[in-house]
Amino acid sequence: MQSPGLIKKFLRLALGLASGVLCVSGIALLGILYATLPEFKGLKTLPGLSAPVTINSDRYAIPTINAENRLDAFRALGFVAARDRMFQLELFRRSAEGRLAEVFGSKLVPLDRQQRNFGFAHLATRILKRLPQPQRQVLLAYSEGVNAYLEQHRFPSLELTLLGIQPAAWKPEHSILVALHLFQALNFTGHQEAMLTIMTRTLPNEVVAFLTPDSDPYSETLIGGRKSRRFRQSVPVESLEALYRSKRDDPEIGARIRFEEHIGSNAWVVNRLKTADGRAILANDMHLPLIAPNLWYRARLRYPNTELSGITLPGLPLLISGSNNQVAWGYTNALADVIDLVMLDINPRNENEYSGPEGWLPFETRHETIRVRGGGDVAIRIRHTLWGPVSNRTLLGKLTAIRWTALDPEAVDLALIDLDRTKTLDEAIALFNRAGVPVLHVMLADANGGIAWTLTGRIPKRRGFDGSVSLPWGNRPIAWNGYLRPDELPRIKDPASGFIVTANNFVIGSDYPYPIGQNFANGYRASRIRELLSSMNSINEAEMLGLQADTRAGLYDFYRDLALSVLGERAVSENPELRRIKENLIAWNGRAESDSRGFGVLFGFRRRLAAAIILPLLDRCYAADSGFYYSWFNMDTPLRQILSVRPPNMLPRSKGHRSWDDLILKVLIETVVKLEERHRVRDINQLVWSDINPVRITHPFTRAIPALSGFLDLPEYRMSGCTFCINVMAEGYGVTERLIVSPGHHDEGLLQMPGGQSGHPFSEHYADQHVFWAKLLAMPLEPEEIRYSLRLIP
């Protein structure tokens, strides 16, 4: 039942909304509110079923689908996914197709233009034709489930109804679009290649190498030796000082750095050596944008000889992360380089031709129209080369073509549906190694107490180059020579330590013959996990959850010590403001707890130091290409080195810095002043970390109509965690699920996610799981006692 008081509040609010995308009367809105609420019990028909299916749901509406076969199970999954998350399905489909402006107006035209350029809608059809019949059957069955729900419900979603959108029938191609959307979120690194290309063209080689290491002092490899390909360099003092002397005076320079672009995860497995009864346990928490409703949808599927438990992605008939009770699996982003920007040479006599391997070739051109809600249509031209589509953005004034695994029909499939039949680590490794998915680290645990790690997804074999920078391919011996074979992908099983850890960090040394990528996450998170696991024995699921909650932020110890080094007794005694700053830093407990004092200053201090010290070195890059920005996960490695060596001629004396201590102190003071101004406090000691790092999980509608926030956004808690903690938490980004499971012991597994199962803001299951996620309370993996029962019949 819904709260009458809440409905009255919503109705009063709706009566005041006379404009915008939501234009309905209050009475109509009340009717829509009830008509769109999900039904969790009763009897429904689902055409295509070979036998009845029972869907039992617990008090949190987490479904257990009991079917006679795989196809019926996925038909039922499509049905409940549409019931609970139809707005998400429609958004994912439209986002991939480039059709958001039809619903949300002209602000979405640039995004639609980009998506149309990729041509995902055309690509999905080509991928579907290539898939083996069992994969196509699952996609069709899922589509039948979605469409059965749409046909039986005039108002399938509150949001779509308010927008006046009646979703079209779901097709198997649309699930492939959702998969391609996931590829884009995880594996599109074109910005990184553009950045390295500009830096390589404009800076000395030693400076580029210094500013872009692939490892850091926390790094520890899993395979391939300890050396890296872009190893840490000594400080090239003379070259850095020369760049400082030549720098232009650009007051906007600070806007051209991006910190910790957020796509990542933690995953670790422990084997029989680390647990009391010899079981293996998997822990996986994936870090992605925090949205309402949550990205993931919980489900348990049962059919003969099969039991799947974990999380799914609405629109995609797969168990993304979870267990089949024989093998459990989870992921972290490998940050692999699976994209190349091919620099195009244009025929000076014919702008419609580009240089190919054997001479000039014409662009393939198509024209499309972007429909715009409340505005005029936008006509676009899309050009294509033999390598891929022409990018919408130029690089150093030149056109580039996008060569990307996701745009190759041979590199995308639904092979992971066979995880329902995987019984051993070796079978799982073989399956993941041949799957056409985004390139990810895969962590595995089995029912016999064993663990393993490998990679999944297609990794290109490059001939004649390493893929780090954009080059012309037309008249050079440069190409992709297929993909790594499954048996060429790295893997390890049951190491002597008894555990394996990945956290998007550098883990494959240069002795491995194939480069995987260049820009890996800072190794601190992985190092902290290894440190804690090394000291743990007789580990159980509750202790794994405690490890996921860890908020030690040791990467910031360096910056605390640096700040305190310039707050000497004399300076502090003469300046009350400096005394307050010092008190604030001394009060820091080394963690990013919600009530931690001092950490917020260190968080901002680090960023302002980077802007003051690193950005002036990149002045030539901005001059060469106005789209340049610097974003490197291991930025702290060169930043710390400079702050330790302190080259005397790198000081920006035009700003009045007399010494490095003077610069550091002024940056520190500026950090505190800006924080006090932003949060309207007179004393920095009034602020704790959760004041500075609020974690708000918002619904897409509230961005357009903020007045709806109290009704659509998830409850706000004071959260602990940061981007360098194991417990990753930031504004708009963070842990989207926490899974802990041991195959054969599902009854002791744990699974948390923000929000709830339902996407309907006025369902009691919209946010009923939220408190478990926010407060890190144990929530069972397996659904609890049955509260609802829905029966589907042919």
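This is a conversation between a trainee and a mentor about reading a predicted model.

Trainee: Let's begin with the sheet. In what order do the eleven strands of the open sheet come?

Mentor: Reading across a sheet means following neighbours in space. Here the order is β1-β27-β2-β3-β6-β7-β8-β9-β17-β18-β22, and the pairing is mixed. From one strand to the next, the twist averages 30°.

Trainee: Which strands stand at the edges, each with a single partner strand?

Mentor: Those are β1, residues 42-45, and β22, residues 491-493. Each has a single partner strand, so one side of each is left without a neighbour in the sheet.

Trainee: In which sense do β1 and β27 pair?

Mentor: The sense is parallel, and four bridges link β1 with β27, which covers residues 788-793. To find one bridge by eye, go to Lys44: its bridge partner in β27 is Leu792.

Trainee: What about helices? Which strands does helix α7 lie across?

Mentor: With a helix on a sheet, look at the strands it crosses and at its angle to one of them. Helix α7, residues 133-152, lies across β1, β7 and β8, and runs at about 110° to β8. Helix α9, residues 172-187, lies across β7, β8, β9 and β17, at about 50° to β8.

Trainee: Now the inside. Which residues touch the most other members of the largest nonpolar core?

Mentor: First the general idea: in soluble globular proteins, nonpolar side chains tend to be buried together. In this model the largest nonpolar core has 198 residues, and Met199, Leu444, Tyr556, Ile613, Leu618 and Tyr630 touch the most other members. Helix α3, residues 70-97, gives the most to this core, with 13 residues.

Trainee: Could we zoom in on one of those? What is Ile613 in contact with, leaving aside its neighbours within four places in sequence?

Mentor: Ile613 is in contact with Tyr244, Leu639, Ile642, Leu643, Met650, Trp660 and Leu663. Apart from the largest core lies another core, of 19 residues, among them Phe499, Ala503, Leu533 and Ile740.

Trainee: How many residues of strand β10 are buried?

Mentor: Five of the five residues of β10, which spans 339-343, are buried. To read a strand, check each face in turn. On one side are Ile339, Leu341 and Met343, on the other Asp340 and Val342, and both faces are covered.

Trainee: And which strands does β10 pair with?

Mentor: Five bridges join β10 to β16, residues 400-404, and these two run antiparallel. There, Leu341 stands opposite Ile402. With β20, residues 471-472, β10 pairs in the parallel sense over two bridges, and Met343 stands opposite Pro472.

Trainee: Can a helix be read that way too? How many residues of helix α14 are buried?

Mentor: Eight of the eleven residues of α14, which covers 524-534, are buried. The buried ones include Tyr524, Arg525, Leu532 and Leu533. The buried residues of α14 pack against β4, β5, β23 and α15.

Trainee: I'd like to try the rings next. How many aromatic pairs does the structure hold?

Mentor: There are 26 aromatic pairs. A pair of aromatic rings is described by the distance of the centres and the angle of the planes. Take Phe118 and Phe188: their centres are 5.5 Å apart and their planes 65° apart, an edge-to-face pair.

Trainee: Why does that pair tie together parts that are 70 residues apart in sequence?

Mentor: Because Phe118 lies in helix α5, whereas Phe188 lies in the loop between α9 and α10. Phe118 counts as buried at 8% relative accessibility, while Phe188 is partly exposed, at 27%.

Trainee: What is the geometry of the pair formed by Tyr622 and Phe628?

Mentor: That pair is tilted, with 5.4 Å centre to centre and 55° between the planes. Tyr622 is buried at 4% relative accessibility, and Phe628 is buried at 3%.

Trainee: Which charged end sits over the ring of Tyr622?

Mentor: The charged end of Arg256 does, 5.1 Å from the ring centre. You can look for a similar arrangement at Tyr629, where the charged end of Arg258 sits over the ring at 3.8 Å from its centre.

Technical notes
Residues are numbered from 1 along each chain as its sequence is written. This is a predicted model: local features need pLDDT of at least 70, side-chain atom pairs count only at pLDDT 80 or more; totals for chains, interfaces and linings use all residues. Side-chain values use heavy atoms; hydrogens and water are left out. Two strands pair if DSSP finds at least two bridges between them. Axes are lines fitted to C-alpha atoms, for helices over the stretch in contact, and angles run from 0 to 180 degrees between N-to-C directions. Contact means heavy atoms within 4.5 Å. A nonpolar core is a set of buried Ala, Val, Leu, Ile, Met, Phe, Trp, Tyr and Cys residues joined through side-chain atoms within 4.5 Å. Buried means under 20% relative accessible area, exposed over 50%, partly exposed in between (1.4 Å probe, protein chains only). Rings of Phe, Tyr and Trp (its six-membered ring) pair if their centres lie within 6.5 Å; planes under 30 degrees apart count as stacked, over 60 as edge-to-face and the rest as tilted. A charge sits over a ring if NZ of Lys or CZ of Arg is within 6 Å of the ring centre and within 35 degrees of the ring normal.
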